[in-house]
Amino acid sequence: MLQVEHVTKTYGDFYALRDVSAEVTTGHIFGLLGPNGAGKSTLIRIVNQILQADEGTIVFDGHPIRQSDVENIGYLPEERGLYKKMKVGEQAMYLARLKGLSQSEAEKRLHWWFRHLEIDTWWNRKVEELSKGMQQKVQFVTTVLHNPKLLIFDEPFSGFDPVNATLLKKEILRLRDEGATVIFSTHNMSSVEEICDDIALINHAEVVLSGNVKEIRQSYRKNLYHIEARHSDDNSIALPSGFEVKNANDEKGLYVADVSLPSSASSNDLLSALMPQGQVTALQEILPSMNDIFIEAVSQ
Amino acid sequence: MRKILLIISREYLSRVKKKSFWILTIVVPLLLAGLYAVPIYLALRPHEKTTVLVVDDTKLFDGAFKSSKEISYQYAGSVDYAQRRLEEEDSVTAVLYIPARETTIPGDAFLYYKGKVPPADLQSDVSEQLQSHIRTIILQDVHGITQEEFDQVNATKIKVHTKDLETGKDGFLEVKMAIGLVLGLIIFFVVLMFGGQVMTGVSEEKTSRIVEVIVSSVKPFQLMMGKVIGIGLVGLTQFALWIILSMVGLVGIQAANPELFEAAKARQNMTEIATKGTDAVEQMQALNDAPVVTELIQGLTAINFPLIIAMFLIYFVLGYFFYATLFAGVGALVDSDTNAQQFSLPVTIPLMLVMIMMPAIINEPTGSLSTWLSFIPFTSPVAMMIRIPFGVPAWQAAVSIALLLLFVPLNTWIAGRIYKRGILLYGKKITYRDIFSWFKKK
């Protein structure tokens, strides 16, 4: 869907992006991660052709990106707003028509979306009369209205209340299932783990890590397991040397702990060490969270 | 192209739909019509008759007071009698008492009134008649000048007429000054007003953060130009409405006071008086009471309004684009109203400067200062509009317009550059150093 190839952007002596490459697969949700000021918004603005890269190219749907492609992109910026004095319906129509929709098509789709999100009574109200949460719904609708192939959300959940954030997530997943490709940009790692298929981690203008979320988490696995085992009251559970026990808790015959295994050992070794001592009720690998990976990748 | 039209129509419609637009549309012609109609009305309104009882103890002023249309002087024998009439009769406004003195020449006179304040021109009329009669007495009785000689001296009245030998037309310089002043002020205000609207429009989009959504659909330059053009069209609409309403008003005034315009035209062409007969002569005499008004009307009829309107439109459009683009650039730098001043000042200073120089331009419309100011694009729209009623050589107008045409694209380029960078810089204080760095070659 989208290939970012060796993109560099500078402001004077300051590098906003340095030789950044990434690939966004069609139908996937792509997370663009990194701390504030890493360059995420700059990259997104380049994809939206608001800014121009100094070097490198953006390939959209198989061809170098051109101005008309903006009609196939839906963009919800981090800094977002609406004309306060304009009526909601009028404003949504205006934004939809700027994205290339015809008057009648824009009207038809808007009415569908307004009914779908139960905001159709707002059509003739001025934006300034709406609460912030209400405005966010309108902004979301105008972002997705033209059925873009590529949806870009920059810090989508910042400023959204929990109800709207859940709704937003649900709608985004639905749009993905209907064939849209989604880019998420955020510094909030926990929000991406569950919905992103692939990520690119940007720090100080450079990509420090990229790929499939599951693969990345696998590659950062620490051979760490969570165990639970029942045992009789007269004995306690002991593990062979080299097995590092963390957060152990032994109460009323239930032993709960996280165990870090030496690199030579596997989960089966842990299981066979436990089995003679009690009844194993749970054994699960603990994969590092994106947050841990992020901190580790950034500190390298 | 389709998108820029969408932007233009939004900018245009959202403003034209506002109440304030229509209020301004109606109020301005009303004000202008008022400026035009009030002096005419004042000159022609029927005056209330004021009756003054004269009590002259000096016996010098027998029959000296001449009654006019507004003031009637009646002689009364004693102060007591006059006072009684002042109290009893509503038609008596005041009593003029001239007490006798040791010397032949009286020093003071008293004007008594009761409750109802006499009009201000009564006092001046009384004082004028007193003085003029005393002068007559002194000249005739003391210096032995005859009545004829005295009348001759008194009748001396010289009016300076101006005439341009190049065109052979009357100068009407005072009327032209007034029109030049009005035109200069109007263009100053509209450029500032609509330019200012561009600035606030741009900064509103920036502070409300809608701008990033829009520039993900259209190029920043398109958004900027759409706004500048849309607001410019609002300005042109406003003018068209102003001109139409003023015309309607003017025709209305003419219809209500046809004799005024007839007489003014007649005075211009002396031969017409003969053909019109005594009627016109009478009207003229009526108008002699208000010479300023006739002069104004004559002057107005002598002015080439189509040319002025055409030049006004040219200078409004060019002056507007010259400044509105710069204002758009300024608006893009503003993140809150507080720092608007810092960046708008360099743009408004040239306009303010030409305002300060306005009297100098009017005083010498063909002087070198006026000529230079009407060439420099920063000042030319205002300076040239002041000069237009006096007549401007075609080559000077051409140079002035050509320079504006040259600078408008340059300003647009500069503003576009600033705009593109400025609108997406949120929450950061922008300095002049930053702005200069945007123009450095990479």
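Two residues are in contact if their C-beta atoms, placed from the backbone, lie within 7 Å. The model is predicted.

**Exercise 1.** Find the residues that Ala324(B) touches, leaving out residues up to four places away in sequence.

*Solution.*
- Apply the cut-off around Ala324(B). The partners are Phe194(B), Gly195(B), Val198(B), Val228(B), Ile231(B) and Gly232(B).
- Now place Ala324(B) in its core. Ala324(B) and Ala328(B) have the most contacts inside the largest nonpolar core, which has 133 residues.
- Ask which element supplies the largest share of this core. Helix α13 (residues 305-333) of chain B does, with 16 residues.
- Look for a further core. A second, separate one has 17 residues, including Ala76(B) and Val126(B).

**Exercise 2.** Describe the side of chain B that touches chain A.

*Solution.*
- Count both sides. Chain B places 17 residues in contact with 18 residues of chain A.
- Assign elements. On chain B, α1 (2-16) and α7 (211-215) each give two or more residues.
- Sort the chain B side by class. There are 8 nonpolar, 5 polar and 4 charged residues.

**Exercise 3.** Describe how the two domains of chain A meet.

*Solution.*
- Set the bounds. The assignment gives domain 1 (2-218) and domain 2 (222-299).
- Take the centres over C-alpha atoms. They are separated by 41 Å.
- Count the contacts. Domain 1 of chain A brings 11 residues, and domain 2 of chain A brings 9.
- Locate the domain 1 side. Elements giving two or more residues are α6 (190-193), β9 (198-203), β10 (206-212) and α7 (213-219) of chain A.
- Rank them. α6(A) gives the most, with 3 residues.
- Sort the domain 1 side by class. The result is 7 nonpolar, 2 polar and 2 charged residues.

Conventions:
Residues are numbered from 1 along each chain as its sequence is written. Chains are lettered from A and ligands numbered from 1 in the order in which they are written. This is a predicted model: local features need pLDDT of at least 70, side-chain atom pairs count only at pLDDT 80 or more; totals for chains, interfaces and linings use all residues. Helices (H or I, at least four residues) and strands (E, at least two) are DSSP runs, numbered from the N terminus. Ala, Val, Leu, Ile, Met, Phe, Trp, Tyr, Cys and Pro count as nonpolar, Asp, Glu, Lys and Arg as charged, and the others, Gly among them, as polar. A nonpolar core is a set of buried Ala, Val, Leu, Ile, Met, Phe, Trp, Tyr and Cys residues joined through C-beta atoms within 7 Å. A residue is buried if 20 or more other C-beta atoms lie within 10 Å of its own, exposed if 12 or fewer, and partly exposed in between; C-beta atoms are placed from the backbone. Domain bounds come from an automatic or database domain assignment.
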